[in-house]
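User: Hello! I am new to this structure and would like a close look at a single part of it. Could you take me through one helix and what comes right after?

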Amino acid sequence: MKKVSMTKIISFIVSLVPIILYLFMQSNIADSIPVHFDLTGKADSFAGKTSTEPYMIVSTSLIMFIAYTVLSHFLLLSIRKNSKENSGIVNQIFDYILIILTLSVSCLLIYYIFLIKNIDMLNIKVPLIIVTLTLGLIFVVIGNSLPKLTQNKYAGFRTKDLVNNESKWFIWHRKIARVWVIGGILTMILSILVGFTGFTGFLIINLSVPFLLILIPLGMMASSK
């Protein structure tokens, strides 16, 4: 039987925290609570505190943990079958991303639980900043792992030129790794701007940075030919 990684155990425990906290605080929460907010942060839908909706919301982190674990397991099986030498580092990437996602979603849910206890705490920019920080951390994790990948057709920056040339693969994955790490750090720094610009800044940062992290390495490779 395969040993479960400590990262998955911690992620699972973290995913349970919002559920436990909600059950613990339920007696101190109003009978009718907000379950949906518009883009300005105004509550536009309510439900009873013992109804299905609040339990589904506070279970989001656990549901995400289960779905991510199942999906990553099948992806890893495919990688092990076709690129066994890279399965270890890919599994490590999956684990790191899992704990980052679980922590960020659980933080959002904890914020929600305290919010429904005291609606005056509402600040729509808080979840936007958390999501932006999460994206930045994921970019850093991926960037830090790219140089460790050996040449393959299933993981990494897989252009035809790199897949067919081992030397270029390693050289360019080191260069691309720096771009992704710097991009991740900049994303986390730019999350501060979300606190001032709100949803507009959130959309600009979280849509443009991933696009640039693909476009910049492709441009670097094209200009080197």
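Analyst: Happily! The buried residues of helix α1 are Thr7, Lys8, Ser11, Val14, Ser15, Pro18, Ile19, Leu21, Tyr22 and Met25, where buried means under 20% relative accessible area, exposed means over 50% and partly exposed lies in between, with a 1.4 Å probe and protein chains only. An α-helix has 3.6 residues a turn, so residues three or four places apart point the same way.

A word on the source: this is a predicted model, in which local features need pLDDT of at least 70, side-chain atom pairs count only at pLDDT 80 or more, and totals for chains, interfaces and linings use all residues. Residues are numbered from 1 along each chain as its sequence is written, and side-chain values use heavy atoms, leaving out hydrogens and water.

Now for the helix as a whole. α1 covers residues 6-25, 20 residues in total, and spans 29 Å from its first C-alpha to its last, close to the 28 Å expected at 1.5 Å a residue (1.5 Å times one less than the number of residues). Helices here are DSSP runs of H or I with at least four residues, strands are E runs with at least two, and both are numbered from the N terminus. At Val17, α1 bends by about 30°, the angle between axes fitted to the seven residues ending there and the seven starting there. A proline, Pro18, follows within four residues.

Next comes the loop between α1 and β1 (32-37), where Asp31 lies. Asp31 counts as exposed because its relative accessibility is 59%. Leaving aside residues up to four places away in sequence, Asp31 touches Ala47, Gly48 and Lys49, with contact meaning heavy atoms within 4.5 Å. Asp31 and Ala43 are twelve residues apart in sequence, and their C-alpha atoms are 15 Å apart in space.
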